[in-house]
Amino acid sequence: MVAALELYLDTDATRRIRVLWDALEAEGVQSMKSLLEQRHRPHVSLAVAPRLDPHRVAEALAGTVVAAPLRLEFQHAGQFVGRVLWLGPAPTPELLAHHGAVHERLARAGIDLVEHYRPGRWVPHCTLSMRVPNALMAAAVRRCLEVLPLTATVVGAAVTDHARGISHPLA
């Protein structure tokens, strides 16, 4: 498992993504709803590492509004290698600047992060499923397209490590 700095979405967007999780499950695709004893919450991860000390992250980000009320416009569905299915928000200048500022503060604090989440490599996304069977990918993507476009506002943030039972809210 990995630890992440997660941005949480407003109530309506969260509800719509949870409905999509249910629709994917009905298609035979294990969604994020099924993982972690249903403790998973729709989010966009700003940073990921094998482990994160929530207090060290909070200290590095002191004075930064991590849960900046960014408006996210989810406009596309995507797939990463390994059959990971996701919804992607448009990479607006505001979102990319916020991501860059957070990473700069974490880097200055010596917090080592996964390369794929660093500025210039990061693909903003909300994971829907970690292992879509190849035979079901087309149906799963069709389900995703049914909910797009989806507008969301960031309303919260936390450092999480579900394997270790950590969910540390940040301002």
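**From one arginine to the whole fold**

Arg-18 has its place in helix H1. The structure shown above is a predicted model, and this residue serves as the starting point for a walk through it. Is Arg-18 buried or exposed? Residues count as partly exposed when their relative accessible area lies between the limits of 20% and 50%. Arg-18 has a relative accessible area of 33%, and therefore it is partly exposed.

The surroundings of Arg-18 come next. Leaving aside residues up to four places away in sequence, Arg-18 touches His-40, Arg-41 and Pro-42. Ser-31 stands 13 residues from Arg-18 along the chain, and the C-alpha atoms of these two residues are separated by 9.3 Å.

Helix H1, which spans residues 11-26, also leads to another helix, for it is among the elements against which the buried residues of H4 pack. Helix H4 covers residues 137-147, and its buried residues are Met-137, Ala-139, Ala-140, Cys-144 and Val-147. Why do these residues line one face of the helix? Seen down the axis of H4, the buried residues fall within an arc of 165°, so they line one face. A general rule helps in reading such a pattern: an α-helix has 3.6 residues a turn, so residues three or four places apart point the same way.

Which residues does H4 carry on the face turned away from its buried side? The exposed residues Arg-142 and Glu-146 are found there. The buried residues of H4, for their part, pack against helix H1 and against four strands: S3 (71-80), S4 (84-89), S5 (126-129) and S6 (150-161).

These elements belong to a larger set. The protein has four helices and seven strands in its secondary structure. Read from the N terminus on, the order of the elements is β-α-β-α-β-β-α-β-α-β-β. Of the contacts with a separation of 6 or more, 79% are between residues 24 or more positions apart.

The overall dimensions complete the picture. A compact globule of 171 residues would have a radius of gyration near 16 Å, and the value of 15 Å for the protein agrees with this. Along the principal axes, the C-alpha atoms fill a box of roughly 45 × 30 × 30 Å. Buried residues account for 48% of the 171 residues.

At the surface, the protein exposes about 8500 Å², of which carbon and sulfur atoms supply 54%. As for charge, there are 18 positive and 16 negative side chains, and the centres of the two sets lie 2 Å apart.

Note on methods:
Residues numbered from 1 in each chain as written. Predicted model: local features only at pLDDT ≥ 70, side-chain atom pairs only at ≥ 80, totals over all residues. Heavy atoms only, no water. Helix = DSSP H or I, 4+ residues; strand = E, 2+ residues; numbered from the N terminus. Rg over C-alpha atoms; globule rule 2.2 N^0.38 Å. Buried < 20%, exposed > 50% of the residue type's maximum accessible area, 1.4 Å probe, protein only. Contact = heavy atoms within 4.5 Å. Areas by Shrake-Rupley, 256 points an atom, 1.4 Å probe, with all protein chains shown as cover. Lys, Arg positive; Asp, Glu negative; His and termini not counted. Charge placed at Lys NZ, Arg CZ, Asp CG, Glu CD. Arc of directions from axis to C-beta.
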